[in-house]
Amino acid sequence: MKFKVADLSLAPQGRLKLEWAESRMPVLMRLRERFAREQPLRGARIAGCLHVTKETGVLVRTLRAAGAEVSWSGCNPLSTQDDVAACLADEGTSIYAWRGLSVEEFYWCIDRTLDFQPTLTLDDGADLIFSVHNRHPELARGIRGGTEETTTGVHRLRAMGKAGKLLYPVIAVNDAETKWDFDNVFGTGQSSIDGIIRSTAILLAGKVFVVAGFGHCGRGTALRARGMGSLVVVTEVDPIQALKARLEGFDVLPMDEAAKIGDVFITATGMKDVLCERHFRVMKDGAVICNTGHYDCEIRIPDLEALAESHREIRPNNEEYRMKDGRRIYLLARGRLVNLAGAEGHPSEVMDMSFANQLLALVRLHREGDKLSKDVHDLPREQDQELAALKLETLGIRIDTLTPEQIAYRSDYAAGT
Ligand code: 9W1
């Protein structure tokens, strides 16, 4: 058995999803065309552990087209799209993933992807790398390198590298500017609004839309909410971020004030207890609250439950809490990430750049992983620029280039005045 998925008969539906995503991921498709000729991953065996989505499917197809053998598992029990998994299995990928698997099954799936003794690993959250290091260290000798997709994973791996515990080099794909800056701002921004609309169907124009936290995700969400015609209020604890928000034209208030006037609240802070009892006590009837920060503790749901006299699901991903004084507060996606639970994560166009970074990082590791130290490495700045240039080209957008005189001028320290 080379794969295990929920239902192979879902493959045709998954194939349509992949084709749609391919039509939105021109950078990856351009690289696929080139690498199908050049075969830069010939001889590579890549084990991947990353959300099984239509976008991931496009990456898997591209890795195989570039000459690699691929085995795959999902990195989150709830993000696997079973039809996509079926399609990839049907096309010959050793994929072990189904939605809703248990913790034991999760590790069983990872172990199966290691059966073919990979030469490269690809992670989103470092579970695969940790599995190699903690449970199968004998495999590390054959592995030239690994990649990591996300901030949390990179943090942990850097700590491991610093402690001298890494058994092979790792490239921090997350830290490429064409990855994190676009994922967080434009990916989270749009998908959070999308999640709110899908679970409420409300009009955003004219609403007071409160964004807690003006980091990249908060900023992205605030920008998109403004674009929908909302009056956007930002809350912050960091004076620099608050100042940036104000100078970008957003109202800035303490949450205690914002709580009284907001129609929609979204938390994007990474901190706990951002919305709690004293806020729920003063919110307007009909207020909608949700979270797009990484953990589901930003909204204190037990407080809401304690204040409510009854509660019911009024629509999918939308629960109505009726307060004792008759006011109603609507909690979306149970306080979990509204852009994932209530929508479809980052749009394909954004994942296009993230996954192109993955692809180029793996090509680099396959080629020269043996020359890199057993530590966490950044992608070269030129690769960021190359990918941004490629994205622009696929969008039909041209830009200017410096003349040789201008380049000389830039580095001429004598030219002062
Ligand atoms: N990643 N292809 C849920 C996604 C869960 C998820 C998560 C993405 C993509 C942030 C990756 C219910 C897609 C993913 C659809 C979906 C992520 C966690 C993607 C956004 C990150 C914890 N993190 N991501 N597309 N689930 O969008 O691979 O629908």
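Which residues are closest to the ligand, and how many surround it? In this model, which is a predicted one, 14 residues surround the ligand, and the closest are His-51, Thr-53, Glu-55, Leu-340 and His-346. Let me take three of these in turn, since the polar atoms can be described individually. For Thr-53, a polar side-chain atom lies 2.7 Å from a nitrogen atom of the ligand, and for His-51 a polar side-chain atom lies 3.4 Å from a ligand nitrogen. With His-346 it is the backbone that takes part, as one of its N or O atoms lies 2.7 Å from an oxygen atom of the ligand.

Let me turn now to the strands, and to β11, which covers residues 264-267. Side chains in a regular strand alternate between the two faces of the sheet. In β11, Val-264 and Ile-266 lie on one side while Phe-265 and Thr-267 lie on the other, and all of these are buried, which is to say that both faces of the strand are covered. As for its neighbours, strand β8, residues 208-212, runs parallel to β11 and is joined to it by four bridges, with Ala-212 standing opposite Thr-267 of β11. Strand β12, residues 287-291, is likewise parallel to β11 and connected to it by four bridges, and here Ile-266 has Cys-290 of β12 as its bridge partner. Between β11 and β12 the chain passes through helix α12, residues 277-282, and the resulting β-α-β crossover is right-handed.

The last element I would like to go through is helix α10, which spans residues 239-247 and whose buried residues are Gln-241, Ala-242 and Ala-245. Viewed down the axis of α10, these buried residues fall within an arc of 100°, and so they line one face of the helix. What do the buried residues of α10 pack against? They pack against β9, residues 231-235, and against β10, residues 251-252. On the other side of α10 we find Pro-239, Ile-240, Leu-243, Arg-246 and Leu-247, which are exposed.

Finally, a word on the two ends of this helix. At the N-terminal end, α10 is capped by Asp-238, a side-chain oxygen of which lies 2.8 Å from the backbone nitrogen of Ile-240. After α10 comes Gly-249, and the phi of this glycine is positive, near 95°.

Key:
Residues are numbered from 1 along each chain as its sequence is written. This is a predicted model: local features need pLDDT of at least 70, side-chain atom pairs count only at pLDDT 80 or more; totals for chains, interfaces and linings use all residues. Side-chain values use heavy atoms; hydrogens and water are left out. Buried means under 20% relative accessible area, exposed over 50%, partly exposed in between (1.4 Å probe, protein chains only). Helices (H or I, at least four residues) and strands (E, at least two) are DSSP runs, numbered from the N terminus. Two strands pair if DSSP finds at least two bridges between them. A crossover is right-handed if, with the strands pointing away from the viewer, the path from the first strand over the helix to the second runs clockwise. The arc is that of the directions from the helix axis to the C-beta atoms. Contact means heavy atoms within 4.5 Å. A polar contact is a pair of N or O atoms within 3.5 Å; within protein, one must be able to donate a hydrogen and the other to accept it, and residues adjacent in sequence count only if both atoms are side-chain atoms. A residue is near a molecule or strand if one of its heavy atoms lies within 4 Å of it.
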